[in-house]
Amino acid sequence: MNTHNASHTNTHAGSAGTLTSLPPRMTTRLAHGLLATRNEDGSVTLEMPKPLTLQAEELEELVTGLAGMRAELDPPYPLDCPPLCALEPCYTPRHWVACDPLTGKILLFIRHHLFGWLGIVQTPEGALEMLKSVAAEMKQLEMSERSPGQGLH
């Protein structure tokens with residue numbers, strides 16, 4: 001991403017009348033000429049110099065650039081998983097798992113139907129913890145199938 005300073009650092013009077021410094025507005029040129037300006041209030045303004053017609057790969061490049069900006073905005077992504085009703089589930093996704101011999105980390109790639117391939121790198125301990133969580137949920141599911149009134153937690 002190409003970033004440049006769209007304006008100088010602005011100052012304004014704070015609640016006590018003292019001057020405080022706001023972060024400068026930063027403009028980033030994303031794929032296909034889309035300009036994204038980070039505003040002082042934490043929002044982002046998007047500008048297109050002309051209408052865009054994009055193929056799948058080009059749109060994916062733009063979505064990746066926007067996702068990178070989202071990761072840097074405040075509030076950050078929540079650490080806790082949102083309620084299941086707020087998620088767009090991906091049923092039976094393709095996946096790929098490997099051990100990286102150079103780092104000793106576990107590589108997990110899952111293909112989401114909206115976002116494409118998502119890569120996760122974990123320590124072996126983290127991957128084992130994930131497997132334990134999946135096993136615990138499977139056991140809970142098995143128990144709920146035996147006692148239909150119990151349901152999932």
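**Pockets and contacts in a predicted model**

Good morning. I begin with a single residue: L114 is found in the loop that joins β8, residues 105-112, to β9, residues 116-122. Please keep in mind that the structure before you is a predicted model.

L114 also belongs to a surface feature. Together with L59, V63, F115 and L118, L114 makes a nonpolar surface patch of about 460 Å².

I turn now to the pockets. Rolling a probe the size of a water molecule over the atoms shows where empty space is left. The largest pocket in this model has a volume of about 1500 Å³. It is lined by 33 residues, and those closest to its centre are E88, P89, C90, I110 and H112. Which elements give two or more residues to this lining? They are α1, which spans residues 56-72, then β8 and β9, and finally α2, which spans residues 124-146. The largest share, six residues, comes from α2. As for chemical character, the lining of the largest pocket holds 22 nonpolar, seven polar and four charged residues.

The second largest pocket has a volume of about 170 Å³. Its lining consists of V97, I106, L108, Q122, A127, M130, L131 and V134. Two or more of these residues come from each of β8 and α2. Here, too, α2 provides the largest share of the lining, with four residues. Seven of the lining residues of the second largest pocket are nonpolar, one is polar and none is charged.

Next, the contacts between side chains. A pair of aromatic rings is described by the distance of the centres and the angle of the planes. The model has one aromatic pair. Why is the pair of W96 and F109 called tilted? The ring centres of W96 and F109 lie 5.3 Å apart and their planes meet at 45°, so the pair counts as tilted, given that tilted pairs are those neither under 30 degrees nor over 60. Because W96 lies in strand β7, residues 95-100, and F109 in strand β8, the pair ties together parts that are 13 residues apart in sequence.

Lastly, the charged contacts. Side chains of opposite charge can pair when their charged atoms come close. The count of salt bridges is two. One of them joins E72 and R38, with the closest N and O atoms 2.3 Å apart. E72 is part of helix α1 and R38 is part of strand β5, residues 35-38, so this salt bridge ties together parts that are 34 residues apart in sequence.

Thank you for your attention.

Methods:
Residues numbered from 1 in each chain as written. Predicted model: local features only at pLDDT ≥ 70, side-chain atom pairs only at ≥ 80, totals over all residues. Heavy atoms only, no water. Patch = residues over 30% accessible without salt bridge, like charges linked within 9 Å, V, L, I, M, F, W, Y side chains within 5 Å. Areas by Shrake-Rupley, 256 points an atom, 1.4 Å probe, with all protein chains shown as cover. Salt bridge = Lys/Arg side-chain N within 4 Å of Asp/Glu carboxyl O. 1 Å grid on protein atoms, 1.4 Å probe; cavity = no way out; pocket = protein on both sides within 12 Å on 5 of 7 lines; lining within 4 Å. Points joined across faces, edges and corners; volume = space filled by probe spheres on them. Nonpolar A, V, L, I, M, F, W, Y, C, P; charged D, E, K, R; others polar. Phe/Tyr/Trp six-rings, centres within 6.5 Å; stacked < 30°, edge-to-face > 60°.
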